[in-house]
Amino acid sequence: MEEFPVLDTVRQRRTVYRFTDRQIEREVLSELLEAAANAPNHRHTEPWRFIVVRGPALARLGELRVALQLERSARDGKPAGNLDAMREEVTQASAVVYVVQHLDPDERRRGEDYASCAISAYILQLTAWERGIGARWSTGQLITSPKVRPFLGLADDEQPVCYLALGYPDEVPRPWRKRSAQELTRYIE
Ligand SMILES: Cc1cc2nc3c(=O)[nH]c(=O)nc-3n(C[C@H](O)[C@H](O)[C@H](O)COP(=O)(O)O)c2cc1C
């Protein structure tokens, strides 16, 4: 019987929102990052950079998340929502990995590089899943706000693409009902 481990992982992976207290060892994180550095990239630009936030720095990132939300609610005149839950989104992870794009001066290359960084993040998610580690991809304020830049120590030619909150799953959500590719494919023969 043929085995297709990648296919199984692709099918089974779910975004994980709740993690246990178990910590991901640094060596395991390194292994995931090495895998993520294997994404295809045009002209071998290797546009990805990774920033790992873990340990006490996670609490600081959680506070930044809360501060950004308070700022937004004051600006928009809307309630801030559940700040504890927002803080926890960050602090309950064992590590947060930022995937950062090195910005090429050429605009077209930047588009290709963005795609490569997204693939890199997906590889990280998949290899984590294979090792029993869950991930939540985020593109919220901790990616979009300029106030994240000094926290991450970003250079002018670096732009965060997403972050992945990583940890051992406390709960795995049920699969989404996804449309079959058959519904979404046209063949031209
Ligand atoms: C480009 C991209 C951006 C995303 N941004 C967020 C986000 O900001 N917050 C969040 O909770 N999930 C985010 N997600 C996770 C998706 O919501 C999740 O992948 C989707 O619900 C499908 O679930 P699955 O990953 O279990 O298949 C993002 C995923 C992708 C690919």
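With 189 residues, the chain has a radius of gyration of 18 Å, which agrees with the value near 16 Å of a compact globule; the radius is taken over C-alpha atoms, and the globule rule is 2.2 Å times the number of residues to the power 0.38. The model is predicted: local features need pLDDT of at least 70 and side-chain atom pairs count only at pLDDT 80 or more, whereas totals for chains, interfaces and linings use all residues. Residues are numbered from 1 along each chain as its sequence is written, and side-chain values use heavy atoms, with hydrogens and water left out.

Along the principal axes, the C-alpha atoms of the chain fill a box of roughly 55 × 45 × 40 Å. The exposed surface of the chain comes to about 11900 Å², of which carbon and sulfur atoms supply 50%; accessible areas come from the Shrake-Rupley method with a 1.4 Å probe, and for residues only the protein chains shown count as cover. Buried residues make up 40% of the 189 residues, where buried means under 20% relative accessible area, exposed over 50% and partly exposed in between (1.4 Å probe, protein chains only). Among contacts in the chain with a separation of 6 or more, 81% are accounted for by residues 24 or more positions apart; contact means heavy atoms within 4.5 Å.

Eight helices and six strands are present in the chain. These are DSSP runs (helices H or I, at least four residues; strands E, at least two), numbered from the N terminus. Their succession from the N terminus on is α-β-α-β-α-α-β-α-β-α-α-β-β-α.

Four strands form an open sheet in the order β2-β3-β5-β4, with antiparallel pairing; two strands pair if DSSP finds at least two bridges between them. The edge strands, each pairing on one side only, are β2 (48-54) and β4 (134-138). On average, neighbouring strands of this sheet are turned by 25° against each other, direction ignored. Helix α2 (residues 26-36) packs on the sheet and touches β2, β3 and β5, and its direction makes about 160° with that of β2. Axes are lines fitted to C-alpha atoms, for helices over the stretch in contact, and angles run from 0 to 180 degrees between N-to-C directions.

Within the sheet, β3 (residues 95-102) and β5 (residues 158-167) pair in the antiparallel sense over eight bridges. Val96 stands opposite Ala165 in β5, and Gln101 stands opposite Gln159 in β5. The antiparallel pairing of β4 and β5 covers five bridges, and Gly134 has Gly167 in β5 as its bridge partner. Nine of the 10 residues of β5 are buried, so β5 is largely enclosed by the rest of the structure. Strand β4 is mostly covered, with four of its five residues buried.

Helix α1 (residues 5-12) packs with helix α5 (residues 107-130) at an angle of about 95°, and their axes are 10 Å apart. Helix α1 is therefore roughly perpendicular to α5; angles under 35 degrees count as roughly parallel, over 145 as roughly antiparallel, 65 to 115 as roughly perpendicular and the rest as oblique. On the α1 side the contact is made by Thr9, Val10 and Gln12, and on the α5 side by Tyr122, Leu126, Trp129 and Glu130.

Gln125 also lies in helix α5. This residue counts as buried, at 5% relative accessibility. Apart from its neighbours within four places in sequence, Gln125 is in contact with Arg13, Thr15, Ala135, Trp137 and Leu164.

Two exposed positions were also examined. Arg75, in helix α3 (residues 57-76), is exposed, with a relative accessible area of 59%. The C-alpha atoms of Arg75 and Gln182 are separated by 45 Å, and the two residues are 107 residues apart along the chain. Gly153 is placed in the loop between α7 (148-152) and β5 and counts as exposed, at 55% relative accessibility. Gly153 and Ile51 are 9.5 Å apart in space, C-alpha to C-alpha, and 102 residues apart in sequence.
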